[in-house]
Amino acid sequence: MATTNDLKNGMTLDLDGVLWNVVGFQHVKPGKGGAFVRTTLKNVLTGKVVDRTFNAGLKVDIATVDRREMTYLYRDGPDYVFMDSESYEQIPIPPAVVGSVSDYMLENTVGTVALHDGAPLYVELPASVELTIAQTDPGVQGDRSTGGTKPATLETGATINVPLFITTGEKVKVDTRDGRYLGRVTS
């Protein structure tokens, strides 16, 4: 248990049996009336974001979320199998929990798995990963002055937009949060 005065970004709250991450908070002390805390909360399971206001000093349940570094090993049917980097324990994680980060995962990709009461909640990858372009059409002569982009398929099967000068077989850096092209990888 903690009070709303103790809230910080990244904390996970258990409100009525639903887990919420604190995305933002602001302590407000108006000239008239009692102080309160205005928060932005993100549902851990659905990703829905809501704004919620609490009275200052109100007790809230802090959920214990264990974040572990794990390595993605392979697919087992629909599930993704991850291995704990410390205990070497392997756990299957359903696609709904892995979510869109699967578009940027290759075997042996290291990420962070959040667990609550032993059940996986979500998977986080580093902010950017390096992947190879599996297929893209060549750039058309004359289009370069506009700074245009073209679709490219990554080695994971995901499609992103890249500049016209990128060719098949090149390694690129991709933002795992929104799938943006960040640049070429120079070896």
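**Nonpolar cores and the five-stranded sheet**

In this predicted model, the largest nonpolar core (buried Ala, Val, Leu, Ile, Met, Phe, Trp, Tyr and Cys residues joined through side-chain atoms within 4.5 Å; buried is under 20% relative accessible area with a 1.4 Å probe, protein chains only) comprises 27 residues, and F82, I93, V98 and L154 have the most contacts inside it. Strand β12 (residues 128–136) supplies the largest share of this core, three residues; strands are DSSP E runs of at least two residues, numbered from the N terminus. A separate second core of nine residues includes L13, L15, V22 and F54. Beyond four places in sequence, L154 is in contact (heavy atoms within 4.5 Å) with Y104, L131, T132, I133, A134, I160, V172 and V174.

Local features need pLDDT of at least 70 and side-chain atom pairs pLDDT 80 or more, whereas totals for chains, interfaces and linings use all residues. Residues are numbered from 1 along each chain as its sequence is written, and side-chain values use heavy atoms, with hydrogens and water left out.

An open antiparallel sheet is formed by five strands in the order β14-β13-β12-β15-β16, where pairing requires at least two DSSP bridges between two strands. Its edge strands, β14 (159–163) and β16 (181–184), each pair on one side only. β12 and β15 (residues 171–175) pair over five bridges in the antiparallel sense, with V129 opposite V174 of β15.

T136, also in β12, counts as buried because its relative accessibility is 7%. A polar atom of the T136 side chain lies 3.0 Å from the backbone oxygen of P151. Excluding residues up to four places away in sequence, T136 touches K150, P151, A152, I166, T167 and T168.

Notes: Buried means under 20% relative accessible area, exposed over 50%, partly exposed in between (1.4 Å probe, protein chains only). Helices (H or I, at least four residues) and strands (E, at least two) are DSSP runs, numbered from the N terminus. A polar contact is a pair of N or O atoms within 3.5 Å; within protein, one must be able to donate a hydrogen and the other to accept it, and residues adjacent in sequence count only if both atoms are side-chain atoms.
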